[in-house]
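User: I've got a new model open. Can you walk me through it?
Analyst: Sure, here it is.

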Amino acid sequence: MAWVRLELDTKSRNWQMTFDGATAPGLETNQYLTDVYDRNIFEKNWWPSGWALNLQTNNDFQQAMHPSTDVILQNIDGKIFALSNICRHRKAQIQTTPTGNRPLICPYHSWRYGDGGKLISAPDAEASFDLTKDKIGEIALDSFALKYLG
């Protein structure tokens, strides 16, 4: 089992505690409780994310389990990465099914990500966004630490 530890800034999280599918009253707006949960639970723990055995082929992916961040485990050229599943361009979800085999290409505008979540191509990038090849290489998905157990 691969475990993911998410180490991003927690200030931008919109985490909610749910009970039987309903949000506990007041918790979604109680910043103190959100900060306590973030600091004492989410930031200090590793989250089981999936089985490395399910990610043996290039482009195999599976969504990782985490309560507040959309993370994808992706095999890119034989190496498994834990990456944000949200495109840097228009914030679209990149992999839209729980598991599968496809490269990291955003379905919205076809931005393609490679090794370590780095942007490797964006259609009409220079004309539309003033993104030269040098600038494209500076854009990347957020990445997370992985730990393999067993």
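Analyst: One term before we start: strands here are DSSP runs of E, at least two residues long, numbered from the N terminus. And keep in mind that this is a predicted model.

User: Fine. How many helices and strands in the chain?
Analyst: The chain has 3 helices and 12 strands.

User: What share of the residues is buried?
Analyst: 35% of the 150 residues count as buried.

User: And the accessible surface of the chain, what does that come to?
Analyst: About 8,900 Å². Carbon and sulfur atoms account for 50% of that surface.

User: Backbone next. What is the phi of Asn59?
Analyst: About 75°, so a positive phi in a residue that is not a glycine.

User: Where is Asn59 found?
Analyst: In the loop between β4 (47-50) and β5 (60-63).

User: Buried or exposed, that Asn59?
Analyst: Asn59 is buried, because its relative accessible area is 19% and the cut-off for buried is under 20%.

User: What about Asp77, what's its phi?
Analyst: Near 55°, again a positive value in a residue other than glycine. Asp77 is in the loop between β6 (71-76) and β7 (79-84).

User: Is Asp77 buried or exposed?
Analyst: Exposed, because its relative accessibility is 67% and the cut-off for exposed is over 50%.

User: Why flag a positive phi at all?
Analyst: Because most residues other than glycine have a negative phi.

User: Switching to the core. Which residues have the most contacts inside the largest nonpolar core?
Analyst: Leu83, Ile94, Leu104, Trp111 and Tyr113. That core has 18 residues. Strands β6 and β7 each supply at least two of its residues.

User: Is there another core apart from that one, and which residues are in it?
Analyst: Another core, of 7 residues, lies apart from the largest one. Its members include Leu55, Val71, Leu73 and Phe144.

User: Back to Ile94. What is it in contact with, beyond its neighbours within four places in sequence?
Analyst: Among its contacts are Ile86, Cys87, Leu104, Cys106, Tyr113 and Leu141. Polar names turn up too, including Ser84, Asn85 and Arg102.

User: Now the sheet. What is the order of the 3 strands in the open sheet?
Analyst: The order is β9-β10-β11, with antiparallel pairing.

User: Which are the edge strands?
Analyst: β9 (104-105) and β11 (119-121), each pairing on one side only.

User: Over how many bridges do β10 and β11 pair?
Analyst: Over 2 bridges, with β10 covering residues 112-113.

User: Which residue stands opposite Arg112?
Analyst: Ser121, in β11.

Notes. Residues are numbered from 1 along each chain as its sequence is written. This is a predicted model: local features need pLDDT of at least 70, side-chain atom pairs count only at pLDDT 80 or more; totals for chains, interfaces and linings use all residues. Side-chain values use heavy atoms; hydrogens and water are left out. Helices (H or I, at least four residues) and strands (E, at least two) are DSSP runs, numbered from the N terminus. Buried means under 20% relative accessible area, exposed over 50%, partly exposed in between (1.4 Å probe, protein chains only). Accessible areas come from the Shrake-Rupley method with a 1.4 Å probe; for residues, only the protein chains shown count as cover. A nonpolar core is a set of buried Ala, Val, Leu, Ile, Met, Phe, Trp, Tyr and Cys residues joined through side-chain atoms within 4.5 Å. Contact means heavy atoms within 4.5 Å. Two strands pair if DSSP finds at least two bridges between them.
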